[in-house]
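Subject: Structure handover

Hello,

Here is the structure I promised to pass on. Please open it alongside this message. My notes come after it.

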Amino acid sequence: METETRSKRRGGSAAASRRAAAPAASPTAADVLLKSLRRHGVAQLFVNPGTDFPPIVEGFARAKEAKAEVPRPILVPHENLAMAMAHGAWLVTGEPQAVMVHVNVGTANTVNMLANASRERVPLILMAGRSPIMEQGVFGARNRSIHWAQEMFDQAGMVRELVKWDYELRNPAQAQGVVARAVEAATASPTGPVYLTLPREPLAAAAQGDPRAAEPRAAPAVPHPDPAAVARLAEWIAEAERPLVIASNLGRLPEDAVTLGRIAQRFKLPVVAQTPRFLCLPTDHPMHAGFDSSPFLAEADLILVIESDVPWMPDVKAPGADARIVHIGEDPAFLRYPMRGFRSDLSIAAGAGATLSALEAELARRGARRDVAAEPWARRPEPAGAEAPHITPEHLSRCVGEMAGPDGIIVNEYQLRPAHCARPRPGTYFAVSPAGGLGWSVGAALGAKLAAPERFVVATIGDGGYIFANPTACHWAAEAHALPIVMVIFNNTRYAAVRNATLSMFASGASGRENGLGLADLSPSPPFEKIAEAHGAFAARVERPADLPGVLAAARDAVLKERRHALVNVITPY
Ligand SMILES: Cc1ncc(C[n+]2csc(CCOP(=O)(O)OP(=O)(O)O)c2C)c(N)n1
């Protein structure tokens, strides 16, 4: 027989859960969090939800009813795609982005693209739920069995090395302050991703707190260069006979590419775009010296390394011992890289754009003008593209550039050969982060299209990368969110990068005797175009060089005239 005490205890706890089951009528922390994100310039929230999301779902629904301003929710059916889309939206807007995923498991799925975002310094607020803290008695407490198993001792530990800041919402009154702090941390120079966990109970509780905490605040801006360092650099440029600029991460802001173009032209500075992530100089600029610094390193007597983590590979080719070497960038020593040992005679820790402007002014003030022959000492090599019966990646790159046109945006995983692709206008080329997490470019292109719907956007990707990109999720997002882009697959039915790496070490070894294809063969290659077709896309496969321009033009028409996305599966052996 049940004792009175036991029955009271049971009745008592049932009453407690009934009490706890009442949603707050007043704004919840989730409502406030969403509004605060919008106030901080977050235009859309890329989400992949789970049982941690009800307060967020309710918050969006309440905002719709009340016509309150919150970020636009964008449902994305895979977390890595959500991250790539956020990355792409940042590429074209420069605005902070936000992604929210499901607890530890959703976080785990973001890590590849988070590594990309981290090395590319994308100001991105990655949010995740976490298991409800309470086992009972509080609104939002655990009511699904997974709530026990999904809890971790340190959920943020999974991503801590890849973010600048992490925190957990501990009290509903923090909803405003925590957004302000997350945005501040993500957008302070050098920018980068941050991680915020959101337990269900405080998220669903009535928000209180100081609304002033939600005021957007000025984040520490990109630092300006030390005038003495700029003066010394100007002096070195005036003295140099064979100066060389090596730039990688310059040009997300088109005006920086314009400034570099002016300085390069006026002071005869050849510029190598070394594994560029942006277009640092229009490809038809007379001082463009190509995409490989190695032919010029031995001769250069002054090297300006601008936002370049790996300006050359010391084991392959290094600058001469007497060359002066200058590094310019927000963090020119790349201190988040565990090991990196490039020589430096002058390091300027400042925004590259600000440094170039200051340098231009200083050179002009001195009346400096390099009195040298009209021809640059370092000239761009002629692009070698042999005639072939099949489509070469060089030919494909040229055709993609023509299809994109001067203003179209190309988002390149890495297969497109920039030396063969005309990009005459700044801000029209973006490539994968130096972290090289594959499966990025299609998602980034979709995000760019979402944030800049007026632009024509093309993604280039390998067949291996396309599989990594989670094609069904990508095509679903393109169709569901009406994001007409062109996807071009450089399909060589292999992992060429893996094969090349193997041959670079073991060409004369056993793996060389099997042509380096040991773990690099992707045959049989499925008809990727059929996947796209299933999602309503314009889809085609091309094998003959003569057919390529026509098919790409048709893909462009499908995007521009029919507002459909397109996929062109191009067979290009390399
Ligand atoms: C997420 C991820 N997994 C594995 C790799 C290692 N990796 C680098 S390149 C490459 C091959 C990619 O093949 P594909 O996209 O077809 O391009 P290809 O090298 O053939 O031009 C692989 C597997 C990586 N960079 N990222």
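Below is what I found, going from confidence to sheets to one helix.

Confidence. The model is predicted. The average pLDDT is 94, and 95% of the residues score at least 70. The exception to keep in mind is residues 1–19, where pLDDT is below 50. That stretch has 3 contacts in the model beyond near neighbours in sequence.

The six-stranded sheet. This is an open sheet of 6 strands with parallel pairing, in the order 13-12-14-15-17-16. Which strands stand at the edges? They are strand 13 (429–431) and strand 16 (538–542). Each has a single partner strand, so one side of each is left without a neighbour in the sheet. On average, neighbouring strands are turned by 15 degrees against each other, direction ignored.

Within this sheet, strand 12 (residues 409–412) pairs with strand 14 (residues 457–462) in the parallel sense, over 4 bridges. There, V411 stands opposite A459 of strand 14. Helix 13 (residues 393–404) packs on the sheet. Helix 13 touches strand 12, strand 14, strand 15 (486–491) and strand 17 (566–571). The direction of helix 13 makes about 175 degrees with that of strand 15.

Strand 9. Strand 9 covers residues 302–306, and 5 of its 5 residues are buried. In a regular strand, side chains alternate between the two faces of the sheet. Here both faces are covered: L302, L304 and I306 are buried on one side, I303 and V305 on the other. Strand 9 runs parallel to strand 7 (residues 243–247), joined by 5 bridges. L244 has I303 as its bridge partner in strand 9. Strand 10 (residues 324–329) also runs parallel to strand 9, again with 5 bridges. L302 stands opposite R324 in strand 10.

Helix 4. Helix 4 spans residues 79–93. From first C-alpha to last, its 15 residues reach 21 Å, close to the 21 Å expected at 1.5 Å a residue. Is helix 4 enclosed or open to the outside? It is largely enclosed by the rest of the structure, because 13 of its 15 residues are buried. G94 follows helix 4, with a positive phi near 75 degrees.

H87 sits in helix 4. H87 counts as buried because its relative accessibility is 1%, against a cut-off of under 20%. Leaving aside neighbours within four places in sequence, H87 is in contact with N116, A117, E120, V122, S433 and W440.

Best regards

Notes:
Residues numbered from 1 in each chain as written. Predicted model: local features only at pLDDT ≥ 70, side-chain atom pairs only at ≥ 80, totals over all residues. Heavy atoms only, no water. pLDDT = per-residue confidence, 0-100. Contact = heavy atoms within 4.5 Å. Pairing = 2+ DSSP bridges. Helix = DSSP H or I, 4+ residues; strand = E, 2+ residues; numbered from the N terminus. Axes fitted to C-alpha atoms, helices over the stretch in contact; angles between N-to-C directions. Buried < 20%, exposed > 50% of the residue type's maximum accessible area, 1.4 Å probe, protein only. Expected span 1.5 Å × (residues − 1).
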